[in-house]
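Q: Please take a close look at one part of this model and set out the computed details as a connected account. A formal treatment suited to computational work would be appreciated.

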Amino acid sequence: MALLSTTDFPHQIVETEGFAHKRIDLHSHTNCSDGTLTPQTLIDRAVNFQIDVLAITDHDTVAGLDIAQKYIEEQNISLKLINGIEISTAWQGFEIHIVGLNIDTNNDALKTLIEKQQQAREQRALSMGEKLAKCGFPDVYADAKEMAGEGSITRAHFAKVLHQQGHVNTMQQAFDKYIGKKGSKGQRAYVKPNWCSIEEAVQAIHHAGGSAVMAHPIRYDLTAKWLRRLIVHFSEVAGDGLEVVLPQMNPEQRRKMLAYCQEYNLHASMGSDFHYPNKWSDLGRNLTMPVGAKPVWAQWQ
Ligand code: AMP
Ligand code: MN
Ligand code: MN
Ligand code: MN
């Protein structure tokens with residue numbers, strides 16, 4: 001993986017081979033985790049939005065990638081699919097998401113980590129179900145499990161079921177009242193997950209030949225001091241890049257993330273974190289690599 005200097009990217013549109021003048025979105029979900037669209041429907045939507053390069057990055061699973069790639073080939077679609085994953089990790093009591101991009105999904109180290117993460121998800125889901133039963137909602141686990149099907153079971157499924165069963169008015173309220181972690185212990189049905197470390201996630205992604213990118217650094221509710229500590233740790237364990245462009249980021253946040261990239265010699269990634277169609281964000285919308293950033297795809301030449 002050759003590293004290129006910032007001076008290689010003087011233009012707004014990055015002239016990296018194969019990615020010049022492309023519409024790129026490197027963070028999205030399907031119903032193989034907590035997205036609502038099937039891999040096929042997500043690809044159709046990406047085509048409608050004229051996306052050229054799309055990474056599917058489901059939570060702790062790569063199950064959607066083969067389905068999407070097969071569909072792309074069958075339908076003769078020109079979209080380039082980047083094999084991705086979003087791995088949940090634990091660091092200093094925080095849950096930090098690490099996105100793996102351009103990974104070999106058949107790599108054994110990655111497969112082993114995915115297996116471990118799936119067990120952690122299943123265990124947490126069972127405990128969460130028990131806690132919710134004690135809150136007076138005995139049927140949430142079964143419905144959440146059914147909704148997740150063969151895919152990764154997430155708190156988003158639990159939030160949706162709590163909403164559908166009429167126990168909360170919004171999905172956000174499910175997190176605020178029951179399954180979220182605000183404060184030291186979390187809400188009544190919060191269960192501390194048994195995620196891998198950041199280092200384990202980065203190493204598995206590297207074994208699989210991919211780039212490890214810290215997902216949405218602005219969304220962890222960290223003070224500036226803790227965010228810097230996190231970025232220092234991430235770069236010490238050989239993390240490759242930060243997501244510097246998300247749809248809802250303001251220019252000041254974007255500038256700060258870019259400054260961290262430059263200070264710690266990290267690449268930059270960008271993605272919508274698309275889960276379902278809504279009016280605030282969509283695939284590829286408001287995503288432009290800033291001047292002076294080293295795009296993560298420079299590692300893939
Ligand atoms: P999990 O990875 O199982 O902990 O599920 C977390 C997922 O729930 C995230 O990836 C989001 O898609 C979704 N989510 C929605 N609202 C919230 C919230 N307030 N806090 C945490 N996760 C949320
Ligand atoms: Mn999610
Ligand atoms: Mn995330
Ligand atoms: Mn995501």
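**From helix H4 to the metal sites**

A: Helix H3 (108-134) and helix H5 (155-164) are among the elements that cover the buried residues of H4. The model is a predicted one. Helix H4 itself spans residues 140-148, and its buried residues are Val140, Ala144 and Ala148. Viewed down the axis of H4, these buried residues fall within an arc of 60°, so they line one face of the helix. Just after H4, glycine 149 adopts a positive phi of about 60°.

The covering helices lead on to ligand 1. The residues that surround ligand 1 are Asp34, His59, Arg121, Arg124, Thr154, Arg155, Ala156, Gln172, Phe175 and His275. Of these, Arg121 and Arg124 carry numbers within the range of H3 (108-134), while Arg155 and Ala156 carry numbers within that of H5 (155-164). Several polar distances to this ligand can be listed. An N or O atom in the side chain of arginine 155 is 2.8 Å from an oxygen atom of ligand 1. For aspartate 34, a polar side-chain atom lies 3.0 Å from an oxygen atom of the ligand. The side chain of glutamine 172 places an N or O atom 3.2 Å from a nitrogen atom of ligand 1. Taken alone, ligand 1 exposes 500 Å², and the protein buries 74% of that area.

Asp34, His59 and His275 also belong to a metal site. The manganese ion (ligand 2) has as its protein donors Asp34 (OD), His59 (NE2) and His275 (NE2), which lie 2.1 to 2.2 Å from the ion. Their spacing in sequence is D-x24-H-x215-H. Distant parts of the chain are linked here: aspartate 34 is in the loop between strand S1 (24-25) and helix H1 (39-48), and histidine 275 is in the segment after strand S8 (267-270), 241 residues apart. Aspartate 34 has a relative accessibility of 12%, so with the cut-off of under 20% it counts as buried. Histidine 275, with a relative accessible area of 18%, is buried as well.

A further manganese ion, ligand 3, lies 5.5 Å from ligand 2. The manganese ion (ligand 3) is coordinated by Glu86 (OE), His97 (ND1) and His216 (NE2), at 2.1 to 2.2 Å. In sequence, these donor residues follow the spacing E-x10-H-x118-H. Histidine 97 lies in strand S4 (residues 94-101), and histidine 216 in the loop between strand S6 (211-214) and helix H8 (224-236), so the pair ties together parts that are 119 residues apart in sequence. Both histidine 97 and histidine 216 are buried.

Glu86 serves also as a donor of the manganese ion (ligand 4). The protein donors of ligand 4 are His27 (NE2), His29 (NE2), Glu86 (OE) and Asp273 (OD), lying 2.1 to 2.2 Å from the ion. The sequence spacing of these residues is H-x1-H-x56-E-x186-D, and 4.7 Å separate the manganese ion (ligand 4) from the manganese ion (ligand 2).

Histidine 29 offers a view of how these sites are joined through the protein. Histidine 29 is located in the loop between S1 and H1, the loop that also holds aspartate 34. Histidine 29 is buried, with a relative accessible area of 0%, and histidine 27 is likewise buried. The side chains of histidine 29 and aspartate 273 are joined by a polar contact of 3.0 Å. A polar contact of 3.4 Å is made between the side chains of histidine 29 and histidine 27. Leaving aside neighbours within four places in sequence, histidine 29 is in contact with Asp34, Gly35, Leu42, Thr57, Asp58, His59, Glu86, Asp273, Phe274 and His275. Included in that set are Asp34, His59 and His275, the protein donors of ligand 2, and Glu86, a donor of ligand 3.

Backbone geometry around S8 deserves a closing note. Asparagine 265 is not a glycine, yet has a positive phi of about 55°; its place is in the loop between helix H9 (251-263) and S8. Asparagine 286, also not a glycine, has a positive phi of about 60°. Asparagine 286 is found in the segment after S8, as is histidine 275.

Conventions
Residues are numbered from 1 along each chain as its sequence is written. Chains are lettered from A and ligands numbered from 1 in the order in which they are written. This is a predicted model: local features need pLDDT of at least 70, side-chain atom pairs count only at pLDDT 80 or more; totals for chains, interfaces and linings use all residues. Side-chain values use heavy atoms; hydrogens and water are left out. Donors are N, O and S atoms within 2.8 Å of the metal (3.2 Å for Na, K and Ca); water is not among the atoms, so sites may look incomplete. Helices (H or I, at least four residues) and strands (E, at least two) are DSSP runs, numbered from the N terminus. Buried means under 20% relative accessible area, exposed over 50%, partly exposed in between (1.4 Å probe, protein chains only). The arc is that of the directions from the helix axis to the C-beta atoms. Contact means heavy atoms within 4.5 Å. A residue is near a molecule or strand if one of its heavy atoms lies within 4 Å of it. A polar contact is a pair of N or O atoms within 3.5 Å; within protein, one must be able to donate a hydrogen and the other to accept it, and residues adjacent in sequence count only if both atoms are side-chain atoms. Accessible areas come from the Shrake-Rupley method with a 1.4 Å probe; for residues, only the protein chains shown count as cover.
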